[in-house]
Amino acid sequence: VPATRVELTVSCRQLLDRDTFSKSDPVCVLYTQRPGSHQWREFGRTEVIDNSLNPDFLHKFVLDYCFEERQNLRFDLYDVDSKSPDLSKHDFLGQAFCTLGEIVGSAGSRLEKPLIGVPGKKCGTIILLAEELGNCRDVATLQFSANKLDKKDFFGKSDPFMVFYRSNEDGTFTICHKTEVVRNTLNPVWAAFAIPVRALCNGDHDRAIKVEVYDWDRDGSHDFIGEFTTSYRELARGQSHFNVYEVVNPRKKMKKKKYLNSGTVTLLSFAVEAEHTFLDYIRGGTQLNFTVAIDFTASNGNPSQPTSLHYLSPFQLNAYSLALRAVGDIIQDYDSDKMFPALGFGAKVPPDGHVSHEFPLNGDASNPACCGIAGVLEAYQCSLRRVQLYGPTNFAPVVNHVARSAATVLDGSQYFVLLIITDGVISDMAQTKEAIVNAAKLPMSIIIVGVGQAEFDAMVELDGDDIRISSRGKVAERDIVQFVPFRDYMSGGPGAGLSMAGLAREVLAEIPDQLLSYMKARGIKPSPILPMSPETP
């Protein structure tokens, strides 16, 4: 059962001012803890708001809310001084600790807490607002223009932008979108933007939407031009005389009898479509094809020695077998034929002892598929007795092997997942990067599980979470690699108790979004779910 999802909006008031000549430029970083672990992991960051001690952050954190778990949260605030993602390079402004249940359980699901952590200083307060997300999956695309806005700049015209707010149950407003700034014009045409319908109105089509129009100023003191209100139901009528709004500045209206408005805003276009989920594609019949590639290089150690990563003990599974089982047991539910191609790389293979980087574990080059995860494990153990561990460690051949299959089915009916289990010492980094950049155009994802105690720097680079991977100046069009070090999940290690279920969760976490990114980029919609009729064979 998917958990209830909760969206957190973060605001702060009276933050510390760390900048000499201007105000702080705050960012908020959210940390969460895994169940049973005391280690804080970064969950995400808001955008940076320039020159503000009272920021209302636009970026929301969407969390799964589990009533039965204590979900600890930590919010750290920093004053950003450079482009560096490294938080130690920025000034710390304070932090707050709470649980998700604490926010949800507060009156109006709104929790206000003092920020702490800078000795001898008042750090201001943080305001956390939780709203349960309706399961509305529609995304609206809107475009606006404005006419004859008030001129606010002494030299030149205004630099207008708009800010959208949805109203909450208690009559307060929450920011949900900011347009870009159009420079030096009183008649701007803003770019079309897509926004989830629930972000505009949380599923209530008659809920007020307030829009404020500002003139942008470099120092952050944007001038208010005026505002208007509408609702999702009104906007959904599309371009018509109903969707031309007078922009009114209430203070001017009070002062001047003859005041009409500060310009008008017109809705140029409106469209809405459903955002598809991973499960929509799975329900519509998309199959996941799972291929395994195992590292048979000499750096793993002699398989007959207990110190080897490939040691076959009669009493327990080795790291390769454990990783294979943990991931395979989950992924096999999405693969209807349960036949898994299994390859090895980096060994000398019989009969002539040549080095191969894509040999079938079952010994059948024309059909390397094994029956079920049990079949893969059996073929792996037989291979260990048959081949001689050697080198070098080349990943590109197995990546290209799966890419060749993926390139034959681009219609979204199949999606390929390659699991590479390795001790992490890679010899063909340039070729592997090129293979991954090419594979990013195809319906495939790559999971790398690193076993053993090596430094996995090269694997982290392939993962591309921080810096998208590139080869010969070409950047991968999607992030398709997920790397996980197995040792974090070995019982008795730092993550004791998380074990194999944790490994599988971490490894498979990115697959749904990677599949969606492929489908979206190719404009592939999920097939409608076929009603099961009694005649269907």
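**Close-up views of a predicted model**

**View 1. Helix 8 passes helix 9 in a left-handed crossing (the near helix turned anticlockwise from the far one by less than a right angle).** Helix 8 spans residues 396–406 and helix 9 residues 429–439; helices are DSSP runs of H or I, at least four residues, numbered from the N terminus. This is a predicted model: local features need pLDDT of at least 70, side-chain atom pairs pLDDT 80 or more, while totals for chains, interfaces and linings use all residues. Residues are numbered from 1 along each chain as its sequence is written, and side-chain values use heavy atoms, without hydrogens or water.

The two axes (lines fitted to C-alpha atoms over the stretch in contact) come within 9 Å and cross at roughly 15°. That makes helix 8 roughly parallel to helix 9 (angle under 35 degrees, on a scale from 0 to 180 between N-to-C directions). Ala396, Val399 and Asn400 of helix 8 meet Gln431, Thr432, Ala435, Ile436 and Ala439 of helix 9. Contact means heavy atoms within 4.5 Å.

**View 2. Serine 471 is buried.** Its relative accessible area is 10%; buried means under 20% (1.4 Å probe, protein chains only). Serine 471 sits in strand 26, residues 470–471; a strand is a DSSP run of E, at least two residues. Beyond four places in sequence, serine 471 contacts Lys433, Glu434 and Val437.

**View 3. Isoleucine 447 touches Val327, Val417, Leu418, Leu419, Ile420, Gln482, Val507, Leu508 and Ile511.** Residues up to four places away in sequence are not counted.

Note on methods: Parallel < 35°, antiparallel > 145°, perpendicular 65-115°, else oblique. Buried < 20%, exposed > 50% of the residue type's maximum accessible area, 1.4 Å probe, protein only.
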